[in-house]
Amino acid sequence: MARKTVKRVKTGSLERRFSLARAGILAGARYATTSAGGLFTSADKREARRRENLSERARELVDELGQLKGSVVKIGQMMALFGEHFLPEEVTAALHTLENSTTALEWPAVEKHLKQQLGTVKLSELDVDPEPLGAASLGQVHRARRKSDGRELVLKIQYPGVADAIDSDMRALVRLLKLSRLVPITEQFNQWLDEVRAMLGREVDYDLEAHTTRHFREALLDDPRFVVPEVFGDYSTHNILCLSYEEGVHISDPSVTELSQERRNFLGRAIMELCCREVFEWDKMQTDPNFGNYLMRVAEDGRDQIVLLDFGAIRDFDDEVLGPGREMIRAAWYHDTDRLVGAMRALGFLSGDVPKRLLDDFAALCFEAIEALQDPDRFPPPPSVVNERGEYLWGESNLPNRVMNRASRTALSVHFDVPPKEFIFLFRKLLGAYTFLHVIKAQVRGNTILEPFVHMREESDQAIVAQKLSKSTGNQ
C-alpha cells in the first residue's frame, strides 16, 4: 500500500503560528464555556465534568498538533514522555496518542533537498530508493546503494527548515498552552520546556549524532553481541546522515519471541549490561527507550545480535548529577534507607523535613523497584517471579505496575519536589531495559548483571553526595 505523502513541510513561522493559535483559542473557549455550564452542579459531578472536559479539549488540541510535521509534534511527544510531574494527567494521556506521522515528504521534494545538501555529483554516486523506509516528525529515512561497490546504505534526511523552526515552534506552543488553559505555566514547567528545547536541539544536530554513533561503534567494537551502524561522512551533512544499512527484525517478531530460552536470556542479559555500562561506566545514556531504536538479528548459527539505532537522543551526564543517581541505585541494592535519603537530598529530590514514615515508604518503593537486580538469596522477590535456579522470570513479572501502584498509595507530593530530569532519564532507562526483558520473557539472575558495575566509582560518588549534603547544610 502506497504511503501517504505531502508536497512540502510547513515550516513558515506565520502559518504554523496561525494553526497553533487557532487551536489554542478554540480549546480555551470550549473549556471555559463547558466549565461555566457546570457551576450549579454538585462538587463531585463538577470535578468529573471538569476532568472529562479537560480530556476532550486536550484530545482536540493534540489532533491539531498532529496535522503539523516538524518539531511541534516532537515537542508534544517529549512532553508526554517526561511531563507526568507537571502536566494534568488528561493532557499527558492525550499527548501519548501523538504518534509520529506516517505521512512522508514526496520524492521530488526529497530529491531536490538531497541535491542541495550533497551536490549533484555526490548524489549521482548513489542509487536512492524513492520510497522511504520510514517517516517521522523531523525527517524520513531512505534506503540507498553506493554504485561503485554495491554497499547498502540508509540516508536519514531531516526535513528542510525543521531545525530553524524549533524556537518559533516552542514559543508558539507555549502561547497555545496558555490560550488553551489546559496547563498551569509553573517554574517547573518552564524548566522542562528548556530541557525539551535542548533535547530537540540535539535530535536535529546530525553532526553530533554522527559523532555519538562513531563513539558507540568504537566502544562496542569488541562486543560481538551488538552492531552499531557505520557512518559515511562522504554522504553526510548537517541535515543528512548516511549510515550502513543493517538488517534486523523488531523485538516482538515471532522469530525473536520463539527463540529458545537460552538465546532469549542471552539477548536480555546483553541489553541490561548495556544499560549498566551507560549509567556506571560511560556517563552517556540513551534517553529514548523506544523499541524502534533496536533491531534483532537472529543468526542461523545461534550467535544472535542486537542492532542499535538512532543515537540522536544520547545524553552526556556529569558525575555531579549522575553520581547521586548511581548512589540511589546502590542504596536500593543494599537496602540502605539512610544512604538512599542522602542521595535523594543530594539530587534535590526532597524539600524540608520529611516524616520518617514517608521516607520508609519511599525506601520500600525503591527496594521493590530494583528487586529484579537483587541477589534472590539475600532479598527474595515474590515466589511467582523466580524459578528454582534463582533466575528472575521477567516475562511473569508485573513489577512496573506494582511499583506504580505503591507510588500512588504513598502521600509523597507535599514533601517531594518535582524529580530532577536526570532522575527521570535514569528511571526511564531502567524501565526501558526492564520492558525489553519482559517482552522476550528472559530468565536471568539480575544480580549477576548489576554486581560487576555497582562498585564502579562508588567511593567518588559517595564523596560527591557528602559534598552536596555538606554544602546544603551550610546554606541553611
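# Exercises on burial, helices and sheets in a predicted model

At a relative accessibility of 11%, aspartate 283 counts as buried. The model used in these exercises is a predicted one.

## Exercise 1: Two residues with positive phi

**Task.** Determine where aspartate 283 is found and where arginine 457 has its place, and decide for arginine 457 whether it is buried, partly exposed or exposed.

**Solution.** Begin with aspartate 283, which is found in the loop between α11 and β9 (284-286) and has a positive phi of about 60° although it is not a glycine. The cut-off for a buried residue is under 20% relative accessible area, so the 11% of aspartate 283 makes it buried. Turn next to arginine 457, whose place is in the loop between α17 and α18 (458-474), and whose phi is likewise positive, near 60°, in a residue other than glycine. Its relative accessible area is 28%, and arginine 457 is therefore partly exposed.

## Exercise 2: The span and faces of helix α9

**Task.** Establish how many residues helix α9 has and how far it reaches from its first C-alpha to its last, and then work out which of its residues are buried and which are exposed.

**Solution.** Helix α9 covers residues 206-219, which is 14 residues, and its reach from first to last C-alpha is 20 Å, close to the 20 Å expected at 1.5 Å a residue. The buried residues of α9 are Tyr206, Glu209, Ala210, Thr212, Thr213 and Phe216. Viewed down the axis of α9, these buried residues fall within an arc of 165°, so they line one face of the helix. On the other side of α9, His211 and Glu218 are exposed. The last step concerns the N-terminal end of α9, which is capped by aspartate 205: one of its side-chain oxygens lies 3.3 Å from the backbone nitrogen of aspartate 207.

## Exercise 3: Helices α14 and α17

**Task.** Explain why the distance between the end C-alpha atoms of helix α14 agrees with its number of residues, and find what the buried residues of helix α17 are.

**Solution.** Helix α14 (residues 356-369) has 14 residues, which at 1.5 Å a residue should span 20 Å; because its end C-alpha atoms are 20 Å apart, the two values agree. Within α14, the buried residues include Leu358, Leu359, Phe362 and Ala363, and Leu365, Cys366, Phe367 and Glu368 are buried as well. For helix α17 (residues 447-454), the buried residues are Asn447, Ile449, Leu450, Phe453 and Val454. Seen down the axis of α17, they fall within an arc of 150°, so that they line one face of the helix.

## Exercise 4: An open sheet and the helix on it

**Task.** Work out in what order the three strands of the open sheet lie, which of them are edge strands, and which helix packs on the sheet.

**Solution.** The order of the three strands in the open sheet is β7-β11-β10, and the pairing is mixed. The edge strands are β7 (226-227) and β10 (294-297), since each of them pairs on one side only. Helix α11 (residues 261-282) packs on this sheet, where it touches β7, β10 and β11, and its direction makes about 40° with that of β11. As for the pairing itself, β7 and strand β11 (residues 305-308) run in the parallel sense over two bridges, and phenylalanine 226 has isoleucine 306 in β11 as its bridge partner.

## Exercise 5: The surroundings of histidine 142

**Task.** Locate histidine 142, decide whether it is buried or exposed, and follow its contacts to the strand pair that contains leucine 155.

**Solution.** Histidine 142 has its place in strand β5 (residues 139-146), and its relative accessible area of 0% means that it is buried. Its side chain is joined to that of glutamine 140 by a polar contact of 2.9 Å. Leaving aside neighbours within four places in sequence, histidine 142 is in contact with several residues, among them Trp107, Pro132, Leu153 and Leu155. Of these, proline 132 lies in the loop between β3 (126-128) and β4 (134-135) and is buried, with a relative accessible area of 9%. Proline 132 and leucine 155 are 23 residues apart in sequence, and 9.5 Å separate them in space, C-alpha to C-alpha. The bridge partner of leucine 155 is cysteine 242 in β8. Strand β6 (residues 152-158) pairs with β8 in the antiparallel sense over five bridges, and in strand β8 (residues 240-244) five of five residues are buried.

Note on methods: Residues numbered from 1 in each chain as written. Predicted model: local features only at pLDDT ≥ 70, side-chain atom pairs only at ≥ 80, totals over all residues. Heavy atoms only, no water. Helix = DSSP H or I, 4+ residues; strand = E, 2+ residues; numbered from the N terminus. Expected span 1.5 Å × (residues − 1). Buried < 20%, exposed > 50% of the residue type's maximum accessible area, 1.4 Å probe, protein only. Arc of directions from axis to C-beta. Polar contact = N/O pair within 3.5 Å; in protein donor to acceptor, adjacent residues only side chain to side chain. Pairing = 2+ DSSP bridges. Contact = heavy atoms within 4.5 Å. Axes fitted to C-alpha atoms, helices over the stretch in contact; angles between N-to-C directions.
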